[in-house]
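Visitor: I'm new to this one. Can you put it up so we can talk it through?

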There are 2 protein chains.
Amino acid sequence: MKKKTTLNDIAKTLKLTKVSISKALRDHPDISEQTRIKVKQLAQEMGYRPNLIARSLTSSKSKTIGVVVPKIAHNFFAHVVGGIQKIADKYDYEILLTVSDENEELEKQHIESLVAMQVDGLLVSVSMETKNTEIYQWIREMQIPLVFFDRYIPDLGFNSVIINDKEAARNGVEEMIMRGSKKIAHLAGYEHISIGKERRLGYKDALEKQGIEYDPSLVVEGGFGENSGYHGFKELASRGVEFDSIFAVTFPVGLGSYIAMREVDANMIDNIAMLAFGDSGVRGILPYPRYYVDQPGMDIGKKATELLLKEINGVVEPENKLVYMDTQFVETGKNFPVSEKNLLMT
Amino acid sequence: MKKKTTLNDIAKTLKLTKVSISKALRDHPDISEQTRIKVKQLAQEMGYRPNLIARSLTSSKSKTIGVVVPKIAHNFFAHVVGGIQKIADKYDYEILLTVSDENEELEKQHIESLVAMQVDGLLVSVSMETKNTEIYQWIREMQIPLVFFDRYIPDLGFNSVIINDKEAARNGVEEMIMRGSKKIAHLAGYEHISIGKERRLGYKDALEKQGIEYDPSLVVEGGFGENSGYHGFKELASRGVEFDSIFAVTFPVGLGSYIAMREVDANMIDNIAMLAFGDSGVRGILPYPRYYVDQPGMDIGKKATELLLKEINGVVEPENKLVYMDTQFVETGKNFPVSEKNLLMT
DNA sequence: CTGAAAGCGCTTACAG
DNA sequence: CTGAAAGCGCTTACAG
């Protein structure tokens with residue numbers, strides 16, 4: 001790499017000192033109109049760009065946000081990251097993006113190196129493996145701003161931007177029941193992860209409200225990816241219990257179960273109704289899931305980033321607040337008519 | 001934010017100097033066994049983490065890679081970013097991710113600020129608006145390592161990791177013809193973007209090879225997003241020309257055209273065969289596109305990153321080399337049987 | 001209006 | 001084996 005031109009380079013050819021150059025470039029009132037113009041012109045000619053690393057070191061602000069997502073190649077998280085980007089752009093922050101791949105150790109390592117890189121704050125969605133909260137307690141002690149999104153750990157003193165998982169699950173399952181579902185299986189997420197726990201509670205609530213008895217043999221617990229859905233369905237099928245519908249904890253789980261379903265009995269596809277959290281990103285075109293809870297990924301990303309920036313600027317205090325984003329129950333091809341206004345505007 | 005402990009903090013409580021601490025922590029042979037142990041223990045207790053910003057300033061290596069993608073909430077790019085991450089993790093680099101949103105000006109701004117942040121190298125996929133190449137020439141002059149992926153600008157002296165767009169398009173269109181397509185419309189991308197130009201050339205080649213006359217009224221030029229597909233189809237339909245098949249330059253274009261198709265005549269859906277570059281990420285389940293060119297997003301990301309790291313380490317010279325990644329022609333539900341081994345392993 | 005001094009947290013090269 | 005010096009590129013606070 002070629003050597004970049006520095007304040008000193010400009011200073012020398014102008015027989016001034018780097019301090020004056022620094023001031024001139026930042027329109028400091030100290031500097032006279034004419035030298036300011038002269039300086040800026042030369043800076044331009046010499047292709048000067050401030051070294052932001054050096055600036056960070058003096059200002060102890062890096063204008064950088066660290067992000068940890070469990071997965072990136074998944075519709076929902078990709079949209080969240082898109083939202084984060086939009087707000088970051090607006091306020092002139094850059095994003096250090098890391099992916100935990102649902103791995104607790106990787107998550108911890110990434111957080112540590114982001115902190116070592118002096119990010120001004122962190123945005124994290126917890127991996128499905130994470131059980132040890134030490135690293136987060138340390139972040140809290142260090143008073144490093146952090147906002148959770150989608151998957152959070154409660155009672156650690158951090159704000160979280162999430163959807164109302166329990167409520168949305170209850171509503172979704174009730175809608176299925178009103179549309180004729182009688183025996184609804186649940187491919188559930190781990191209980192120790194917020195979304196797994198809450199969605200399952202919503203499922204139970206819906207059954208109770210509709211006077212249907214909760215049957216544990218209709219529930220299979222697992223992770224949040226396609227593999228879990230695939231094996232979850234196989235497990236379910238092997239139990240020999242009857243069901244006419246499935247509530248999948250995430251879209252990937254629904255997708256995995258659908259693939260398993262094809263193998264077990266292709267006819268099921270038309271006869272088993274499926275509800276999932278999240279969609280494929282190809283709205284209304286995919287026949288599965290028949291019903292889904294539309295999660296506003298981009299809005300979650302935006303909101304979480306705005307909140308984090310407020311904490312960074314000391315406008316908002318970190319606490320255990322949960323900020324809920326609205327979701328929508330969608331019946332494929334019905335209340336989401338495919339038309340121009342639903343284009344993703346890309 | 002609480003003040004982090006520094007080398008000096010450790011030095012003081014140990015009545016040593018920061019230099020010795022620095023050496024001790026990095027296992028420099030200068031330091032005696034016992035003080036090394038003492039230092040490390042105290043560092044641990046005091047929760048010391050090196051300030052990577054400071055280290056960057058002295059070492060003039062930031063261990064950071066800047067990435068510019070046109071879109072992030074799109075299956076293909078999300079997979080590419082996933083691949084970039086994997087390799088970055090492996091070699092202990094962090095990723096500064098930016099999104100140009102297909103906007104030339106934003107792209108330029110992001111590149112400038114990434115350079116100002118002293119990234120060790122850049123990975124970029126050019127926005128569909130980009131016509132001015134000045135910023136890239138400057139990058140070249142500054143000898144900052146840069147590798148293009150998917151969408152590149154030729155003859156600027158950078159290596160690019162791409163698919164063989166022309167070849168894959170030719171092959172795909174020929175496959176359609178062999179399956180009975182006779183009049184294939186093309187929703188094409190802009191000519192000034194590599195993938196737009198090459199895919200169109202492939203389309204023409206296929207027609208020629210199969211003895212079908214090229215008909216300009218079957219080609220609509222536009223961008224690479226859903227909107228372009230939507231309006232492209234409407235334009236096509238308005239021309240009153242006959243066609244039995246569509247070749248869409250990207251998956252989003254195919255999706256947009258499909259939505260428009262539904263509006264114009266829902267029956268078309270079963271009668272018009274569609275070929276697109278890229279898929280939905282929900283392999284084999286979506287009825288559209290009937291045919292697609294499977295683009296190995298993750299592999300492209302990995303390969304581009306590996307190449308970039310080699311340039312950063314001076315092992316590979318930047319030149320105008322094009323590295324091609326393999327693609328595969330897929331007929332939905334046919335040569336991509338839905339089964340466990342096709343799970344995305346998530 | 002311009003400059004000399006000090007410092008951000010670290011590393012490298014040179015003394016002792 | 002330990003330390004004093006110098007520097008990475010910038011900014012802040014204080015003199016003149």
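Visitor: What does a polar side-chain atom of Thr58(A) lie 3.3 Å from?
Guide: A sugar or linking oxygen of DNA strand D. Such a polar contact is a pair of N or O atoms within 3.5 Å. This is a predicted model, where local features need pLDDT of at least 70, side-chain atom pairs count only at pLDDT 80 or more, and totals for chains, interfaces and linings use all residues. Residues are numbered from 1 along each chain as its sequence is written, chains are lettered from A in the order in which they are written, and side-chain values use heavy atoms, without hydrogens and water.

Visitor: And which atom of DNA strand D is 2.9 Å from Arg55(A)?
Guide: A phosphate oxygen, paired with a polar side-chain atom of Arg55(A).

Visitor: Which residue has a polar backbone atom 3.4 Å from a base nitrogen?
Guide: Ala54(A).

Visitor: How many residues are around DNA strand D?
Guide: There are 22, counting a residue as near if one of its heavy atoms lies within 4 Å. Among those that come nearest are Leu7(A), Tyr48(A) and Lys23(B).

Visitor: What classes are they?
Guide: Eight are nonpolar, nine polar and five charged.

Visitor: New topic. How does chain A lie on chain B?
Guide: A turn of 180° and a shift of 0.0 Å along the axis lay chain A on chain B with an RMSD of 0.0 Å, superposed by least squares on the C-alpha atoms of residues with pLDDT of at least 70 in both. That is the relation of a two-fold axis.

Visitor: Which C-alpha in chain A is nearest the axis?
Guide: That of Leu96(A), 2.3 Å away.

Technical notes
A polar contact is a pair of N or O atoms within 3.5 Å; within protein, one must be able to donate a hydrogen and the other to accept it, and residues adjacent in sequence count only if both atoms are side-chain atoms. Ala, Val, Leu, Ile, Met, Phe, Trp, Tyr, Cys and Pro count as nonpolar, Asp, Glu, Lys and Arg as charged, and the others, Gly among them, as polar.
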